Amino acid sequence: MHMLTACNNTSHTAKSEEKAIVVPVFSTDSAYLYTEKQVDFGARVPNTKAHDDCALYLSAQLKKFGAEVIEQKANLIAFDGTVLKSVNIIGSFNPKAETRILLFSHWDSRPWADNDPDPKNHNKPVMAANDGASGVGVLLEMARLLGRNLPTVGVDIIFFDSEDYGKPASAGGDPAEDSWCLGTQYWAKNPHVPGYTARYGILLDMVGAPGATFCREQSSEYFAGSVVNNVWSQAKGLGFGQYFKDEKGGAITDDHIYVNKIIGIPSIDIIHYDPNSQSGFGEYWHTTHDTMDNVDKNTLNAVGTTLMHVVYNEK
Ligand SMILES: [Zn+2]
């Protein structure tokens, strides 16, 4: 954290002598299409064809955009003993740059819509337009722009698998918090580059709901408060303050926890938090209604444009 502060101060004084930073314009139409394309494969539940086809698509897109791509395959064991044939997809821009920013999202779909109001749907998979595809869609559009106009820093985009195979509450007993985020836990223990580190990490999770609100999630504040400050203030400066609320959110078990705790990269979670809904994550969360009808271009734009400014302003 001390180093981050020092870097910011230095760049501030140097700014006047350097030419202004040009931030490529984020296209929310293409972010939306990249989101839709994933949903078109069907639910991306591990060990299904839709999942494997989507993995090939994501990897091919990153390559097309000029990233150096690694497909990290692993057999991960779910809470119920199921072997999940998982793949974390890693795309690196500026791979030799020492200063790196890590951007990540999970790309798998939950196998069970266990929060659906109709119990008959509890065993159906979640289409995961918002809870999965939206974050990946934003990052794919960023990848397209990064490849055409490299920023000063290196950027690693990781699509993590098997985040949403966590133990359903209906199974009873121990809630098994660590049954979630399996792909991230694996990567954090076996990073794609030995000794990998980054200045900080940003997780996108459920960044497409109409009128979404992102609050300052508690573990993000604890592990990476200065990153929260930076992202929220840039969002506000860009006119996205109605999405990025200067309010305290919940403490959420999500991929960023393991990136903070296992590999020690200070990381934040940009996650839709709606204190008025029963789950806290909006009415569609883990239901059969998490479809493209509930993905909004304005929300994708608020997140994508903010992150483009965050990344391109790093030195
Ligand atoms: Zn989920």
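Mentor: Ala, Val, Leu, Ile, Met, Phe, Trp, Tyr, Cys and Pro count as nonpolar, Asp, Glu, Lys and Arg as charged, and the others, Gly among them, as polar. Keep in mind that this is a predicted model.

Trainee: How do the residues of the lining of the largest pocket divide?

Mentor: The lining of the largest pocket has 26 residues. They divide into ten nonpolar, six polar and ten charged.

Trainee: Which residues lie nearest the centre of the largest pocket?

Mentor: The space in the largest pocket is about 490 Å³. Nearest its centre lie Lys167, Trp180, Phe281, Trp285 and His286.

Trainee: Now the sheet. Which strands are the edge strands?

Mentor: The sheet is open, with six strands in mixed pairing and the order E1-E2-E4-E3-E5-E8. An edge strand pairs on one side only. That applies to strand E1 (68-77) and strand E8 (267-271).

Trainee: What does the twist average from one strand to the next?

Mentor: Take the six strands in the order E1-E2-E4-E3-E5-E8. From one strand to the next, the twist averages 20 degrees.

Trainee: Which residue in E4 stands opposite Phe104?

Mentor: Strand E3 (residues 100-106) and strand E4 (residues 154-160) run parallel, joined by seven bridges. Opposite Phe104, in E4, stands Ile158.

Trainee: What angle does the direction of helix H8 make with that of E5?

Mentor: Start with helix H4 (residues 129-148), which lies across strand E2 (83-93), E3, E4 and strand E5 (200-205). Helix H4 runs at about 145 degrees to E3. Helix H8 (residues 297-312) also packs on the sheet, touching E3, E4, E5 and E8. Its direction makes an angle with that of E5 of about 175 degrees.

Terms used:
Residues numbered from 1 in each chain as written. Predicted model: local features only at pLDDT ≥ 70, side-chain atom pairs only at ≥ 80, totals over all residues. Heavy atoms only, no water. 1 Å grid on protein atoms, 1.4 Å probe; cavity = no way out; pocket = protein on both sides within 12 Å on 5 of 7 lines; lining within 4 Å. Points joined across faces, edges and corners; volume = space filled by probe spheres on them. Pairing = 2+ DSSP bridges. Helix = DSSP H or I, 4+ residues; strand = E, 2+ residues; numbered from the N terminus. Axes fitted to C-alpha atoms, helices over the stretch in contact; angles between N-to-C directions. Contact = heavy atoms within 4.5 Å.
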